[in-house]
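The following exercises are intended for a reader who meets this structure for the first time. Please attempt each task before reading its solution.

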Amino acid sequence: MTFVAQDLVVSGLSVHYGGVRAVNSVSFTVGAGECVGIVGANGAGKTSTLKALMGLVPRHADTLRFGDHDLTRTKARDIVRCGIGYVPEGRHVFPGLTVEKNLLLGAYTLPWKTAVQQTMSEVFDLFPMLAEMRHRLAGALSGGQQQMLAVGRALMANPKLILLDEPSMGLSPKLIDDILTVLRRLSAAGHALLLVEQNAKLTFEATTTCLVMENGEVAMTGTSTTLRHDPRVRQIYLGL
């Protein structure tokens, strides 16, 4: 997958659900080829941050920019056209459609049939299992196979930045290792990645930089190597 590298710049991002503040003035950047993680306890604002970036919830930001694109007033369907892919928590594949048709739904922004076939070939190279099951209904796949399909579907739009929400949820240790391998391959290929995960081990191994969120705010930030050994992370992340 070829593309021009771009950076995500977020400053003063806030999300409110009625009178409830879910995210409060969060700021960070994600560079091309960089994998940034967001960790924190349940309810810390991690998923709301990703949904805000995708325009799926009302949000306010001083700066919300991806490359030359100002995302502050951009609708979700157009954010995808800006080169941002999204793998939601819970996979949300279409169970009554085949693997191939699920993938094709992710390619609606690609203008030519040849581009779609080329991108699908690259997805199948990344996930050979999907090629073998391309005519099987998505609802018949295992949880791990559906997760691979959800990632592959996001890749079909040839995104420069990929937002992943809990990609290891419910997976076996072997499949978690497979996810880690895929994340590393995507990063090495130049994709920018923003990873939200409850699995701290996966997060710290997959990312170069991490944000630790608490009560909707960034409580700590630093290299993943440093944070994984910081006792304050255990206090905030695990509530110890």
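**Exercise 1: A residue in a helix**

Q147 counts as buried, at 1% relative accessibility, where buried means under 20% relative accessible area, exposed over 50%, and partly exposed in between (1.4 Å probe, protein chains only). The model is a predicted one, in which local features need pLDDT of at least 70, side-chain atom pairs count only at pLDDT 80 or more, and totals for chains, interfaces and linings use all residues. Residues are numbered from 1 along each chain as its sequence is written, and side-chain values use heavy atoms, with hydrogens and water left out.

Task: State which residues Q147 touches, not counting residues up to four places away in sequence.

Solution. Step 1: locate the residue. Q147 lies in helix 6; helices (H or I, at least four residues) and strands (E, at least two) are DSSP runs, numbered from the N terminus. Step 2: list the contacts, a contact being heavy atoms within 4.5 Å. Q147 touches V87, R91, E166, P167, L171 and I179.

**Exercise 2: The six-stranded sheet**

Task: Give the order of the strands in the open sheet of six strands, and explain why strand 6 and strand 10 each have one side without a neighbour in the sheet.

Solution. Step 1: read the order. The strands follow one another as 6-7-8-3-9-10, and the pairing is mixed; two strands pair if DSSP finds at least two bridges between them. Step 2: find the edges. Strand 6 (84-87) and strand 10 (217-223) each have a single partner strand, so one side of each is left without a neighbour in the sheet. Step 3: consider the twist. On average, neighbouring strands of this sheet are turned by 15 degrees against each other, direction ignored. Axes are lines fitted to C-alpha atoms, for helices over the stretch in contact, and angles run from 0 to 180 degrees between N-to-C directions.

Step 4: examine one pair. Strand 6 and strand 7 (residues 161-165) are joined in the parallel sense over four bridges, and L161 in strand 7 is the bridge partner of I84. Step 5: add the helices. Helix 6 (residues 143-155) packs on the sheet and touches strand 6 and strand 7, with its direction at about 165 degrees to that of strand 6. Helix 7 (residues 173-188) lies across strand 3 (35-39), strand 7 and strand 8 (192-196), and runs at about 150 degrees to strand 8.

**Exercise 3: The four-stranded sheet and Y17**

Task: Describe the open sheet formed by four strands, and determine which residues are in contact with Y17, leaving aside its neighbours within four places in sequence.

Solution. Step 1: the order is 2-1-4-5, with antiparallel pairing. Strand 2 and strand 5 (69-70) are the edge strands, each pairing on one side only. Helix 1 (residues 46-53) packs on this sheet, touching strand 1, strand 2 and strand 4 (63-66), and its direction makes about 115 degrees with that of strand 1.

Step 2: strand 1 (residues 8-17) and strand 2 (residues 20-30) pair over seven bridges in the antiparallel sense. L8 stands opposite V30 in strand 2, while V20 is the bridge partner of Y17. The two strands form a hairpin with two residues between them, and G18 in the turn has a positive phi of about 65 degrees.

Step 3: Y17, found in strand 1, is partly exposed, with a relative accessible area of 38%. The contacts of Y17 are A22, S48 and V57.

**Exercise 4: Cysteines**

Task: Determine how many disulfides a search of the whole structure finds.

Solution. Step 1: apply the criterion, a pair of cysteine sulfur atoms within 2.5 Å. Step 2: the search finds zero disulfides. Step 3: inspect C35, whose sulfur is 8.3 Å from the closest cysteine sulfur, in C210, too far for a bond. C35 is buried at 2% relative accessibility, and C82 is buried with a relative accessible area of 9%.

**Exercise 5: The whole chain**

Task: State how many helices and strands the chain has, and what share of its residues is buried.

Solution. Step 1: the secondary structure comes to 10 helices and 10 strands. Step 2: buried residues make up 50% of the 240 residues. Step 3: along its principal axes the C-alpha trace spans about 45 × 40 × 35 Å.
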